[in-house]
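Good morning, colleagues. Please take a moment with the sequence and the structure, which I shall now put on the screen.

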Amino acid sequence: MTRSIENESRRRFLQGATGLTLALYFPWAMARNPESGGTQAARFEPNAFLRIGEDNSVTVVSKHLEMGQGTYTGLATIVAEELDAAWSQVRVESAPADNSRYNNLQWGPMQGTGGSSAIANSWEQLRHAGASARAMLVAAAAQRWQVPAQEIAVAGGVLTHAASGRQASFGELASAAAEQAVPEQVELKQPADFKLIGQPLRRKDSAAKTNGSAVYTQDIHLPGMLTAVVAHPPRLGGVVASVDAKPAMAIDGVTDVVQIPSGVAVLARDTWTAKRGRDALDIKWDESAAIRLNSEQAFERFRQLAASPGAVARQDGDAETALAGAEQLLEAEYDFPYLAHAAMEPMNCVIRLAEGRCEAWYGAQIQTRDQAQLAALFGLEPEQVSIHTLYAGGSFGRRASTSSDYIVETAHIVKAIDGRAPVKLVWLREDDMQAGSYRPMFHHRLRAGLDGQSMLVAWQHRLVGQSIAAGTGSDAGGGVDPSSVEGAANLPYAIPNMLVDLHTPTDIGVPVLWWRAVGSTHTAFSTECFIDELAQATGRDPVAWRLAMLQEHPRHAGVLKLAAEQAGWDTPLAPGRDGERRGRGVAVHEAFNSYVAQVAEVTVQSDGSYRVDRVVCAVDCGIAINPDVIRAQVEGSVGFALSAAMSEAITFTDGKVDQSNFHNYTPLRIADMPRVEVHILPSAAAPTGIGEPPVPPLAPALVNALAAATGKRIRRLPIGDQLAG
């Protein structure tokens, strides 16, 4: 049978499905003539984060990237709450790159998104932004109506003076409000008065992403623009020895073949032509300095390193002496592979160089760093580099590259053609899978000592893995990268003697990068699995034993109790069918100041295959800005974490990455997604992040459940077929 395949674009599909008439959207045009605000004189901009137009629109300016995590909705909710705006009148647009106004308050003078910090660092800042604007609107109304400001009420974007019966919308007062002085102090609402915060408001980005009008980098088309695809060396560290460009240049539509530091770029009229040109290149690679890494050999070396003490990350009491005198000694080793970020939208970027300025369009995650890198390459000042931040189709840390790799690569291509045309660089998924950056491979070795009453008296945790922070200015002294040991060095359990140390090999050569939830993705697994092994060895209930050691950490204990209660921990699981074994496992972890506990339920078949039936999750992330977004983030995190736990791994053979796309780097399929229940702990604490914290506990909860069902301990991820046989 012959099948024809038609490549339906996202827009074409949506057009056919809905009959929409689509208009191209150019962010730079909007920035110059904002749709919502009309002319410059007809809008009210009380601060860098808010604009109110005479058309009654309220535009919130987001300093953080929207990459699917709900940031636009969360930030807009905070502003709208203190402003007392109607949710329907609020829209969101991305801030320009400008760290003097839009820096991440948790990072110092740097604009960027990451570490689940968007809401946490914006909370007070945006509350004041909204409250200040509200006060100026009230002052304008009081002046116009000649009434005391205290008698004016604001609700749903309307100001009302009950005694006189007068009222006005925000838009009607915008110009007058712009004439008022910005208040030096404002009174913020009490949580009991919140009307929008805590409600499952509709997301601000859903409609555009559903009808196809949301703009991603691939949607940018500039006059005269060329599209580039790059041939990277097959082994990391390789460089071009020679290239024959003639076969590529013979293809209709290919305009240029240029050599750049990272490889050879082919430019053409479109992506497909550029790819065909790249495939036609005849390149000889100089691999004299290329890595020849084999994953299994690297693990063996890591295990050898783990035999000796590393740099100390935490030391309480005297763990060595306590271990030597313990009544019972247990130990275990855990291995974690490199992982790819595998964002649904592969990396891409558009750069135009003209008139002593550089403009860039892409899903920018660390604008300040990228701005500096582009300025240095082009010999410009940072303020001569404009970055238009677009929607990003996921990142999971990939777009926060410490070297701004694919962005700088685009700039090198523009420079190589003397800036004669704008360039869109497109990385295919294979490019990112085989030439990107990875979650570091790690080896953990844990030892624990128990006394005569089976009480945990000593804990020693040794980690071996590459540093992400090395060379970035983020690494602490003493040879300890905090991101390597987070979740291990701050283990919350009450253990009198504790030692956590770290080996950081520096000669591996594989580029590593933060991956969603960073170090906690491996430390939560080793610590929560080992705690479970200890509970099993001493005959303790895993939940009760954890709670007994968490008395000084009520937020850990709070989510653990809630998850256990909602999962029915104290009631037996329903039995499976003949030949099936069922199990339930638990884990609790804190990441980025949010607390998450999960209970997983599994069914294992006689051949070792298994399914995850249910995941019950309890979260404490402070005040819940939007419970619907929180649930969505937790559900997405469960799917993301299950993918890594069950099957994902980047492996190297003789320096080459073995995986290339989703056929051999397999994210969870929708049919394998378990039922996920999310319970949010009520809190009056300031909100913290939720994009990453639900990822770490999933793998240990799952593996603990598999152990409960089968008695077999998994100590190496991914699980794969380790239960078979």
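Which residues does the UniProt annotation "domain: Aldehyde oxidase/xanthine dehydrogenase a/b hammerhead" cover? According to that record, an unreviewed entry, the annotation covers residues 211-289. I should say at once that the model before you is predicted. Within residues 211-289, 38% of the chain is strand and 19% is helix. The C-alpha atoms at the two ends of that stretch are 49 Å apart.

Let me turn to the protein as a whole. It contains 27 strands and 20 helices. Its radius of gyration is 28 Å, close to the 27 Å that the globule rule gives for 725 residues, so the protein is as compact as a globular protein of that length. Taken along the principal axes, the C-alpha atoms fill a box of roughly 80 × 75 × 60 Å.

I come next to a pair of helices. Two packed helices are described by the angle between their axes and by the distance between those axes. For helix 3, residues 71-83, and helix 5, residues 118-145, the angle is about 35 degrees and the axes are 7 Å apart. Their crossing is right-handed. On the side of helix 3, the contact involves T71, G74, L75, I78, V79, E82 and L83. Helix 5 contributes residues including I119, W123, L126, R127, R134 and L137. By class, the contact between helix 3 and helix 5 comprises 11 nonpolar, 4 polar and 3 charged residues.

My last topic is a sheet. Four strands form this open sheet, in the order 22-23-24-27, with mixed pairing. Why is one side of strand 22 and of strand 27 left without a neighbour in the sheet? Strand 22 (581-591) and strand 27 (675-680) stand at the edges and each has a single partner strand, so one side of each has no neighbour there. On average, and with direction ignored, neighbouring strands of the sheet are turned by 15 degrees against each other.

Consider now strand 24, residues 610-620, which runs parallel to strand 27 and is joined to it by 6 bridges. V616 has E677 of strand 27 as its bridge partner.

Two helices also lie across strands of this sheet. Helix 19, residues 627-646, lies across strand 23 (594-604), strand 24 and strand 27, and runs at about 135 degrees to strand 27. Helix 20, residues 698-710, lies across strand 22, strand 23 and strand 24, and its direction is about 155 degrees to strand 22.

Thank you for your attention.

Notes:
Residues numbered from 1 in each chain as written. Predicted model: local features only at pLDDT ≥ 70, side-chain atom pairs only at ≥ 80, totals over all residues. Heavy atoms only, no water. Axes fitted to C-alpha atoms, helices over the stretch in contact; angles between N-to-C directions. Left-handed = near helix turned anticlockwise from the far one by under 90°. Contact = heavy atoms within 4.5 Å. Nonpolar A, V, L, I, M, F, W, Y, C, P; charged D, E, K, R; others polar. Pairing = 2+ DSSP bridges. UniProt positions renumbered as here; feature names shortened; annotations may be inferred. Rg over C-alpha atoms; globule rule 2.2 N^0.38 Å.
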